[in-house]
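Dear colleague,

Please find below the structure that I am handing over to you. A summary of what was found in it follows.

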Amino acid sequence: MIVKELNEIRKEIDAIDDQLAALFEARLNLVLDAARYKDAHGLPVFDESREKIVLEKGKDRIQNPEFKEDFATWLQQLMDLAKKQERELLSLNTVAYCGVEGAFAHSAAGRLFPYANLKSCSSFGKVFKAVTRHEAQYGVLPLENSNSGLVGEVLDGLMNYPVFIDQVADVRIKQCLLGLEEAELSDIQWVYSKDQALWQSKDFLDALHVQTVPYPNTAMAAQYVAQTGDKTKAAIGAKENAQLYGLKVLAENIESDSSNTTRFLVISAHENTEPGDHCGLLISVNSTVGSLAKAINVISAFGLNMDSLQSRPRKGHPFEYFFYVQAEGDLKGQNLEACMQALGPVCTIRRWLGSFSIRKDEEL
């Protein structure tokens, strides 16, 4: 038996790798063509039965029985990569938000991305998942209201999911009381809405002497009131919800503060490469004396003017906290690496959320 020289074997492997690379690229291009067709014709992207057939056919193509299962494993990995490419392709013009049509996040997403396909999610966590799984290019989430404060679940999401902040928008929020067409203000006994909306309208509700019931979001509350047919029930939400759900506006601008504003984050799985005037960090400091002060001094030393520091309990770590830091300025390249290294001695967690610009309501 003649044994080939090692260099000759390697040349043949390289030649096969060239063919594999070309075939890999050709296969993925065809997969993306199929994804576009399915999207245009309303067909599901993933077909489990088709995948099983492809795997079985693949094993039948292999002559050496010892290689059959290994080839099927390799083919499965190839199809998983293809599905990832399909998700990224179909998410390019998709923006996820929490709630149903008419929710403030829906309105904000529509104003920020007027030509996008808006994807409704039933929870903040599902918005983060949609972005990280490449089911949506962006996610729009409320971080903070000027009256009712932080949305803690969104901070948790920033900690738990590998996302970046792409931009921030401050949106003026006007709350309305919505009831059935036959209802009058004097009929209302129960008011349903997101807890933050109830808090923002507290003075009005106290004067009305009603019972309040928290609901997942404002639009779902309006939808519920419309479905009950009960004129003693009302919802707090945007004026647009009256037309959407066949309700009547019983009172407008019921928020306690006329400057009531919600800060929305636009999150992405990829860091924004455009220069921004602000940046974000997540940190958790160790338990030594003065650690938080030292971390703040490090951030300041790199030319960042901190304008927000928000704390949140770390789930699974009793009485430990992490901090969301928002600062004017930006860090890039070596400066960012140097800042992260400088935070190392005092921080158990340090994560860069990217640079971004803050847009005001009048700019949208």
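**Findings: strand β3, the cores and the sheet**

Seven of the eight residues of β3 are buried, so β3 is largely enclosed by the rest of the structure. Buried here means under 20% relative accessible area, with exposed over 50% and partly exposed in between (1.4 Å probe, protein chains only). Helices (H or I, at least four residues) and strands (E, at least two) are DSSP runs, numbered from the N terminus.

Please note that this is a predicted model, in which local features need pLDDT of at least 70 and side-chain atom pairs count only at pLDDT 80 or more, while totals for chains, interfaces and linings use all residues. Residues are numbered from 1 along each chain as its sequence is written, and side-chain values use heavy atoms, with hydrogens and water left out.

Strand β3 has several partners; two strands pair if DSSP finds at least two bridges between them. With β1 it runs parallel, joined by three bridges, and A96 has G139 in β3 as its bridge partner. With β11 the pairing is antiparallel, over seven bridges; here L141 is matched with L265 of β11. Two bridges link β3 in the antiparallel sense to β4 (residues 149-150), and these two strands form a hairpin with three residues between them.

The largest nonpolar core has 28 residues, and V154, L158, I165, L265, I267 and Y324 are those with the most contacts inside it. A nonpolar core is a set of buried Ala, Val, Leu, Ile, Met, Phe, Trp, Tyr and Cys residues joined through side-chain atoms within 4.5 Å. Among the elements that each supply at least two residues of this core are β3 (138-145), α6 (152-160) and β11 (261-268). The largest share, five residues, comes from α5. Leaving aside neighbours within four places in sequence, L158 is in contact (heavy atoms within 4.5 Å) with residues including F128, I165, L265 and Y324. A second, separate core of 19 residues includes F323, C339, V346 and C347.

There is also an open sheet of four strands, in the order β13-β14-β12-β15, with antiparallel pairing. β13 (305-313) and β15 stand at its edges with a single partner strand each, so one side of each is left without a neighbour in the sheet. Within this sheet, β12 (residues 278-285) and β15 pair over eight bridges, and C279 has S355 in β15 as its bridge partner.

Yours sincerely
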